[in-house]
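Here is a short tour of one protein chain, written to be read with the structure open beside it. We begin with charged pairs, move on to a sheet, and finish with a lysine that deserves a closer look.

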Amino acid sequence: MKRFLAVAILPFLTMLTACNAVVMSPSGDVAAQQRDLIVISTILMLIIIVPVMMLTVFFAWRYRQSNTEARYEPDWDHSTQLELIIWAAPLLIIICLGALTWMGTHLLDPYRPLDRIAPGKLVDKQIKPLQVEVVALDWKWLFIYPEYGVATVNELAAPVDRPIDFRLTSSAVMNSFYIPALAGQIYTMPGMQTKLSAVINHPGTFEGFSANYSGAGFSGMKFAFLGLSDADFDKWMTDVKSQGDKLDRNAYLELERPSENEPARRYGSVETQLFTAVLNRCVELGKMCMDEMSSIDAKGGLGLAGINNVHPLEYDKYTRRGAIFAPPATYVARICTTEEEERMRASGQPLLSPRDTSPILGAGLPRPSAPLFGVQRRPSNS
């Protein structure tokens, strides 16, 4: 009977060989601490679950109908010792889980700079964290290294034991940046910036992907994360810089076009403040940035003078998604400073057309022909 049971279970055990245990065996200190939280929480809960399951089987066997030797006490209704165990044990478990959750929530806050890079190994204040700017595109990942002035698509690299500071945003829809071997997932949203602090402790090639469904090309939105030694990272960075392509605003607008299963590519140079423009939704030249608009609104706005400060959007990624019957897209035009206007006049560049000062009319209403919309004032008797 036992041999037959072992043979019956064997096919189910072979199915487990396809499981990926990277979450429980990560290569980054942040992910390792998150793994420890899972293990400790599971053990604490098993302290209650295992005895309950064992006692369920024990009582079912002990007090079965055929067991005439079991104690029969129909009038029993209370036991102080049993009540103490039943209530005290779960209460202690809840207290432990609450304390563990509170400490883990603060110590593993993705916005919190790292205090250590490994157990017993604090962060060296002399080492500057690696800055990486991440943009979730449809359907690929863009990584910008502002310190080195390069960028990559669907390929990310970092030195071993060097803290990494990620700044993340999205071009269109919400995505989730996730490298299981490095740290937990963090969401990316258009017009907003999120942060993630992490470190990789072992060299190797690890998988990164989007953990939030974002459309047709979601399944191919993956990238390779390379954990490299300092020497190998410098060599990798030299190879990236040797690429002749430059990621300027026009190149970014082409890259932003939705595409599926994109191969890794590299850009040897990047336009300054490109990530800031993506974050503030103003990559298109002449478009007002969100932070500029917020600053103007905080000071009272432009009033009626700013209503016509819009231009047709020459580049519209939504039109390519099939919205051919949508109204022409427009955007708020950037407001030039006096110094910029003087430079444009001196260089002979064409200025914007003057603002239309005609009265603003409601839809379908004729232009008023008399003061106060046709209401005549009665002469005063005084």
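Arg 116 is partly exposed, because its relative accessible area is 27%, a value that falls between the 20% and 50% cut-offs. Please keep in mind that this is a predicted model. Arg 116 has a salt-bridge partner in Asp 29, and the closest N and O atoms of the two are 2.9 Å apart. Asp 29 belongs to helix H2 (residues 29-62) and Arg 116 to strand S1 (residues 116-118), so their salt bridge ties together parts that lie 87 residues apart in sequence. On the other side of this pair, Asp 29 counts as buried, because its relative accessibility is 4%.

How many salt bridges does a search of the whole structure find? There are 14 of them. Three are listed here with their N to O distances.

| Salt bridge | N to O distance |
|---|---|
| Asp 29 with Arg 116 | 2.9 Å |
| Asp 239 with Lys 235 | 3.6 Å |
| Lys 287 with Glu 284 | 3.8 Å |

The pair of Asp 239 and Lys 235 sits within helix H4, where the two residues are four apart, about one turn of the helix. Asp 239 is partly exposed, with 29% relative accessible area, whereas Lys 235 counts as exposed at 55%. In the remaining pair of the table, Glu 284 counts as buried, at 14% relative accessibility.

Helix H4 also leads us to a sheet. Which strands form this open sheet, and in what order? Five strands take part, in the order S6-S12-S11-S8-S9, and their pairing is mixed. The edges are strand S6 (155-159) and strand S9 (183-188), each of which pairs on one side only. On average, and ignoring direction, neighbouring strands of the sheet are turned by 20° against each other.

At the S6 edge, the pairing with strand S12 (residues 222-228) runs in the parallel sense over five bridges. Within this pairing, Glu 155 stands opposite Ala 224 in S12. Helix H4 (residues 230-241) packs on the sheet and touches both S6 and S12, its direction making about 140° with that of S6. The helix that holds the salt bridge of Asp 239 and Lys 235 is thus the one to view together with these two strands.

Now for the lysine. Lys 140 is found in strand S4 (residues 140-145). What is the nearest side chain of opposite charge to Lys 140, and how far away is it? It is Glu 262, at 5.1 Å, and Lys 140 is buried yet has no salt bridge. The distance to Glu 262 does not meet the salt-bridge cut-off, because that requires the nitrogen and the carboxyl oxygen to be within 4 Å. A polar atom of the Lys 140 side chain does lie 3.1 Å from the backbone oxygen of Leu 255. Leaving aside neighbours within four places in sequence, the residues in contact with Lys 140 include Val 135, Val 153, Asn 154 and Met 221. Also among them are Leu 255, Arg 257, Pro 258, Ser 259 and Glu 262.

Stepping back to the chain as a whole, its secondary structure comes to nine helices and 17 strands. Of its 382 residues, 32% count as buried. Among contacts between residues at least 6 apart in sequence, 65% join residues at least 24 apart.

Definitions and conventions: Residues are numbered from 1 along each chain as its sequence is written. This is a predicted model: local features need pLDDT of at least 70, side-chain atom pairs count only at pLDDT 80 or more; totals for chains, interfaces and linings use all residues. Side-chain values use heavy atoms; hydrogens and water are left out. Two strands pair if DSSP finds at least two bridges between them. Axes are lines fitted to C-alpha atoms, for helices over the stretch in contact, and angles run from 0 to 180 degrees between N-to-C directions. Contact means heavy atoms within 4.5 Å. Buried means under 20% relative accessible area, exposed over 50%, partly exposed in between (1.4 Å probe, protein chains only). Lys and Arg count as positive and Asp and Glu as negative; His and the chain ends are not counted. A polar contact is a pair of N or O atoms within 3.5 Å; within protein, one must be able to donate a hydrogen and the other to accept it, and residues adjacent in sequence count only if both atoms are side-chain atoms.
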